[in-house]
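Dear colleague,

Please find below the structure I would like to hand over to you. My notes on it follow directly after the sequence and coordinates.

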Amino acid sequence: MIGHVYLPDEFFHRLLAAPVVVLKQPLSWRVARLVQQYGNYPTEELVMAFTRIRKKLGGQHLKAALMALDQNDLATAARIGLVYYDKAYQHYNDRRNARITHEVIANSPHPADIAEQCLALE
């Protein structure tokens, strides 16, 4: 499942069998990208998004994220969100016993450059 959407079985089984590539990039790049992508969303929508993950995020983190959003400090809110998502991705990989086949250390914050790095792995 991705949220409330189920993946077709064939796609899901291929996903489980696929090699795992871990992409590493500086936190500052990740935060900047999130601010760029989500920074124009209405604050109310961002508040609702953080509130939906309250249970996994934890009350203190949620409070800090909401305070950051109230102060229009999107970078701090993004950093807090990344703590949750990084844990979620790690949990997913652990649960499916993912075998990491490649680790890519991004040499650029631009997705096209990162895609070229990944394609060069083959």
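**The loop around Ser108**

Ser108 is placed in the loop that runs between strand S2 (100-105) and helix H7 (111-119). Please bear in mind throughout that this is a predicted model. Ser108 counts as buried because its relative accessibility is 7%, and the cut-off for that class is under 20%.

The side chain of Ser108 has two polar partners to report. A polar atom of this side chain lies 3.1 Å from the backbone nitrogen of His110. The side chain of Ser108 is also joined to that of Asp113 by a polar contact of 2.7 Å. When residues up to four places away in sequence are set aside, Ser108 touches Trp29, Asp113, Ile114 and Gln117.

Gln117, one of those partners, belongs to helix H7. A polar atom of the Gln117 side chain is 2.9 Å from the backbone nitrogen of Asn107. Beyond its neighbours within four places in sequence, Gln117 is in contact with Val104, Ile105, Ala106, Asn107 and Ser108.

**The chain as a whole**

The chain contains seven helices and two strands. Read from the N terminus, its elements follow the order α-β-α-α-α-α-α-β-α. The C-alpha trace spans about 45 × 35 × 20 Å along the principal axes.

The chain has 122 residues, of which 20% count as buried. Its accessible surface amounts to about 9,400 Å², and carbon and sulfur atoms hold 56% of that area. Among contacts with a separation of 6 or more, 64% are made by residues 24 or more positions apart. As for charge, there are 14 positive and 12 negative side chains, and the centres of these two sets are 9 Å apart.

**The two strands**

Where does the chain bring distant residues together? Val20 and Ala98 give one case: they are 78 residues apart along the chain, yet 6.8 Å separates their C-alpha atoms. Val20 is found in strand S1 (residues 20-24). Val20 is buried because its relative accessible area is 9%, under the 20% cut-off. With neighbours within four places left aside, the contacts of Val20 are Arg96, Ala98, Arg99, Ile100, Thr101 and His102.

Two of these contacts, Thr101 and His102, deserve a closer description. Thr101 lies in strand S2 and counts as partly exposed at 28% relative accessibility. The C-alpha atoms of Thr101 and Val21 are 6.1 Å apart in space, with their positions 80 residues apart in sequence. Outside the range of four places in sequence, Thr101 touches Pro19 and Val20.

His102 is likewise placed in strand S2. With a relative accessible area of 31%, His102 is partly exposed. Its contacts, not counting residues up to four places away, are Val20, Val21, Val22 and Leu121. For His102 and Leu121, 19 residues apart along the chain, the C-alpha separation is 7.9 Å.

**The nonpolar core**

Which residues make up the largest nonpolar core? There are twelve: Leu46, Phe50, Ile53, Leu57, Leu62, Ala65, Ala68, Leu69, Leu74, Ala77, Ile80 and Tyr84. At least two residues of this core come from each of helix H3 (43-52), helix H5 (59-70) and helix H6 (74-95).

Ala68 is one member of the core. Apart from its neighbours within four places in sequence, Ala68 is in contact with Asp73, Thr76 and Ala77. Ala77 is itself listed in the core.

**The loop between H5 and H6**

Asn72 is located in the loop between H5 and H6. Although Asn72 is not a glycine, its phi is positive, at about 60°. Is Asn72 buried or exposed? Asn72 counts as exposed because its relative accessibility is 57%, and the class begins at over 50%.

**In brief**

Ser108 is a buried residue with a side-chain polar contact to Asp113. Val20 in strand S1 is in contact with residues that include Thr101 and His102. The largest nonpolar core has twelve residues, with helices H3, H5 and H6 each supplying at least two. Asn72 combines a positive phi with an exposed position.

With kind regards

Conventions: Residues numbered from 1 in each chain as written. Predicted model: local features only at pLDDT ≥ 70, side-chain atom pairs only at ≥ 80, totals over all residues. Heavy atoms only, no water. Helix = DSSP H or I, 4+ residues; strand = E, 2+ residues; numbered from the N terminus. Buried < 20%, exposed > 50% of the residue type's maximum accessible area, 1.4 Å probe, protein only. Contact = heavy atoms within 4.5 Å. Areas by Shrake-Rupley, 256 points an atom, 1.4 Å probe, with all protein chains shown as cover. Lys, Arg positive; Asp, Glu negative; His and termini not counted. Charge placed at Lys NZ, Arg CZ, Asp CG, Glu CD. Polar contact = N/O pair within 3.5 Å; in protein donor to acceptor, adjacent residues only side chain to side chain. Core = buried A, V, L, I, M, F, W, Y, C linked by side-chain atoms within 4.5 Å.
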